[in-house]
Every structure is written in C-alpha cells, then in structure tokens.
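Work through the following exercises with the sequence and the model open side by side. Each task is followed by a solution that goes step by step.

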Amino acid sequence: MIDISFIIPAYNCGDSISRAVKSIERYSQKINYEILIVENGSTDNTNFVINQLAKENNAIKILHSKKGVSKARNMGLISALGRWLWFVDADDCITVNVQEIISCKDIINTDLIIGNYKVNKNVINVSNSIKTLQGIEFKQYLLNMISIPNKYMTVWNKLFRAKVIKKNHLKFDNTLEVAEDSQFLFDYLQKIDNLGLFNQDIYQYSTSNNSTVRSLQLEDINKYTVAMKKMRSRIGNDIVLNDAIYKYMCSNFSIAMVRILFASKGLSRFKKRVLLKKYATQSVCKEAFNHLCLSDLRYYQLLPSFCLKFNLFSLAGCMFQFKADLNFRRENNV
C-alpha cells in the first residue's frame with residue numbers, strides 16, 4: 001500500500017524540479033511513496049531532467065498532460081495510488097519528515113492535514129498546536145480559511161485524503177487560469193467534517209522570477225474576475241458560508257490589484273486609478289463589496305474593498321500600491 005502520492009506539475013522547470021524531488025526523497029525515506037511528475041508542454045530541458053531523476057528512483061512516475069496546471073494535477077489525481085495526496089510545485093520543496101505527519105495519533109484519522117509553511121523567509125503560521133478540529137471548531141476554521149484565501153486557500157501545504165477526492169469525483173477546474181487551487185480546496189472542504197492541524201513548517205514556497213505570478217499581464221485581471229464569478233455561483237442558502245464567500249471574492253480582487261495592476265511599472269498613478277475604477281465597478285465586484293460591514297475590518301486585507309464599497313477609489317488605490325511596493329521590496333531584498 002502506498003502511503004502518499006506527491007503530484008508535481010512540471011512546466012519549464014528544468015532548473016528547479018530536482019530540488020523539489022530531492023526534498024521529497026529526503027523526507028520520505030521511511031514510508032511507501034510515489035512521485036507523480038506530470039509534464040505539460042515544456043519547451044526547455046524539463047523532460048531530460050525528469051527522465052534522469054526517474055532513472056535514479058523507481059518511485060518516480062512520469063506522466064504527460066496538455067498544458068495547464070489544472071490539467072496536470074487532474075492527470076495526477078487519476079493515476080495516484082496513495083492513501084494521502086500532496087500537491088507540490090516544481091520550484092518549491094517540502095521541509096518535514098512525512099512519517100511524522102501521517103503517523104501522528106492526534107490527526108491521523110482526519111480527512112485533511114494542514115501545516116505551517118514559509119514564503120521565502122517568512123513563516124506563515126496556521127496553527128500553534130497539533131490537534132483535530134470537528135464540529136463547531138471545524139466550521140469556524142473553515143469559514144476563516146475561505147475568508148482569508150491568500151493565507152489558507154492553497155493546496156501545497158496540505159495533505160488530502162485520496163478516498164474523499166475519488167468518492168466525490170473532485171477535480172481542478174480546467175477553465176480557470178487563476179485561483180484554481182483555492183476553488184478545488186473549497187469543494188473539498190464541503191465534503192469533509194474534520195481536519196487536522198500540524199504545527200511544524202512543512203512546505204517552502206518560492207516566489208522566484210520564473211513563477212506564474214511574475215508572468216501575469218494586465219489582461220490577466222479578467223481571469224480573476226472569471227474566478228470570482230465561479231465562486232459567486234457557489235452562493236446558496238447558508239448565510240454564514242455566503243458571507244465567507246463574499247470575503248473570498250473581495251480578497252481575490254485585492255490580489256489581482258496588488259499582483260497585477262499596482263505592480264505594473266509602466267502605468268502612471270492616474271492610469272492605475274482609472275483602471276481600478278473600471279474593474280471595481282463590475283457587478284460581481286460591487287456585489288462582493290456591498291456585503292462587507294464594519295465588523296469585517298478585523299480582516300485587514302478587506303480594508304481596500306470596504307473603501308471601494310463607498311467608491312473611495314483613491315484611498316483604496318493607495319493601499320493597493322503600498323502593498324504592491326512592499327511585496328516588491330520583500331521579494332527582491334530591497
């Protein structure tokens with residue numbers, strides 16, 4: 001029986017994927033594991049590198065899919081044989097003894113395990129203790145995750161129970177080019193009633209210059225709008241869950257503004273403000289902004305969206321620009 005399947009989408013990652021694979025090999029020595037590398041249309045030396053890695057380790061299986069991270073991950077889901085699944089990006093690495101996680105008696109019977117992680121040198125804590133959440137505790141944590149997607153709604157610092165995915169025929173949405181991982185996680189969360197928190201750093205996330213974030217163009221803001229509409233379609237009869245979904249939508253709008261519009265070096269402040277107004281007045285955005293209330297400001301990242309609720313475009317723009325400049329300094333050690 002394979003304990004865990006690591007699924008790695010591989011696209012033009014010839015310079016980085018060895019590091020990801022070696023980290024898995026280093027921390028998985030005492031368990032039965034497989035590494036599914038799903039190459040999806042690379043034009044560099046990725047195929048050569050992964051074939052060399054496969055020659056050195058028979059736990060590595062090389063698959064091929066059409067271009068797109070969702071298509072690659074879905075191919076991995078079809079082929080995975082492990083009891084647990086862990087999605088790893090090709091330019092990242094795992095940082096924990098996997099056996100410690102999957103044999104931990106406090107969380108071993110849960111359907112999702114979440115660990116702390118690092119973004120470059122910054123530690124992101126999701127828990128200070130090892131414990132199982134269920135009932136009201138689980139529900140509250142779920143709502144908090146959805147409300148703060150940039151911190152919680154990623155797939156790479158989590159171990160997923162394979163049987164939950166297969167039983168419910170869950171997969172990544174091939175039509176989404178951004179936020180596809182958080183929407184997969186949202187759908188997964190609706191199918192479970194417990195999760196386990198692990199208080200060690202288990203994953204190192206890299207914001208390298210070759211990352212998808214770095215390649216985003218101004219027109220990619222529309223991709224976030226599409227993702228917001230997809231999440232909007234999940235609004236139902238649960239008022240509390242709906243409230244979290246609207247926060248999710250606001251946070252995704254902020255991500256688009258910070259990572260794309262206000263990170264652009266080729267636009268004047270005036271042009272950025274004009275475009276902010278254009279994007280913020282779309283119906284799906286206005287609907288999300290209008291659901292915010294004063295108590296939501298405890299989520300500091302929602303402050304710009306709260307300003308946009310009252311058409312305070314200049315003030316929101318200043319906040320987005322400050323965050324974009326801060327990200328630039330952190331990621332470039334300025």
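**Exercise 1. Find the ring over which the charged end of K265 sits, and give the distance to its centre.**

The criterion comes first: a charge sits over a ring if NZ of Lys or CZ of Arg is within 6 Å of the ring centre and within 35 degrees of the ring normal. Applied to K265, this rule leads to F328, since the charged end of K265 lies over that ring at 4.5 Å from its centre. The model is a predicted one, in which local features need pLDDT of at least 70 and side-chain atom pairs count only at pLDDT 80 or more, while totals for chains, interfaces and linings use all residues. Residues are numbered from 1 along each chain as its sequence is written, and side-chain values use heavy atoms, with hydrogens and water left out.

**Exercise 2. Determine which rings are linked into a cluster by ring pairs, and characterise two of the pairs.**

Step one is the rule: rings of Phe, Tyr and Trp (its six-membered ring) pair if their centres lie within 6.5 Å, and planes under 30 degrees apart count as stacked, over 60 as edge-to-face and the rest as tilted. The count by this rule is 16 aromatic pairs.

Step two takes F87 and F184, whose ring centres are 5.9 Å apart and whose planes meet at 80 degrees, so this pair is edge-to-face. The pair joins distant parts of the chain, with F87 in strand β4 and F184 in helix α8, 97 residues apart (helices, H or I, of at least four residues and strands, E, of at least two are DSSP runs, numbered from the N terminus). F87 has 1% relative accessibility and counts as buried (buried means under 20% relative accessible area, exposed over 50%, partly exposed in between, with a 1.4 Å probe and protein chains only); F184, at 2%, is buried as well.

Step three takes F160 and Y188, where the centres are 4.9 Å apart and the planes stand at 85 degrees, so the pair is again edge-to-face. Here F160 belongs to strand β9 (residues 158-161) and Y188 to helix α8, 28 residues apart. F160 is buried at 0%, and Y188 is buried at 0% too.

Step four assembles the answer: ring pairs link F87, F160, F172, F184 and Y188 into a cluster.

**Exercise 3. Establish how helices α9 and α10 are oriented to each other, and which residues make the contact.**

Axes are lines fitted to C-alpha atoms, for helices over the stretch in contact, and angles run from 0 to 180 degrees between N-to-C directions. The axes of α9 (residues 221-232) and α10 (residues 239-261) come within 10 Å and cross at roughly 175 degrees. Angles under 35 degrees count as roughly parallel, over 145 as roughly antiparallel, 65 to 115 as roughly perpendicular and the rest as oblique, and α9 and α10 are therefore roughly antiparallel. Contact (heavy atoms within 4.5 Å) involves I221, Y224, M228, M231 and R232 of α9, and residues of α10 including I245, Y248, M249, N252 and F253.

**Exercise 4. How many disulfides does a search of the whole structure find?**

With a disulfide taken as a pair of cysteine sulfur atoms within 2.5 Å, the search returns zero. C285 is in none, the nearest cysteine sulfur, that of C250, being 8.4 Å away; C285 is buried at 0% relative accessibility. The sulfur of C293 is 11 Å from the closest cysteine sulfur, in C250, which is too far for a bond, and C293, at 35%, counts as partly exposed.
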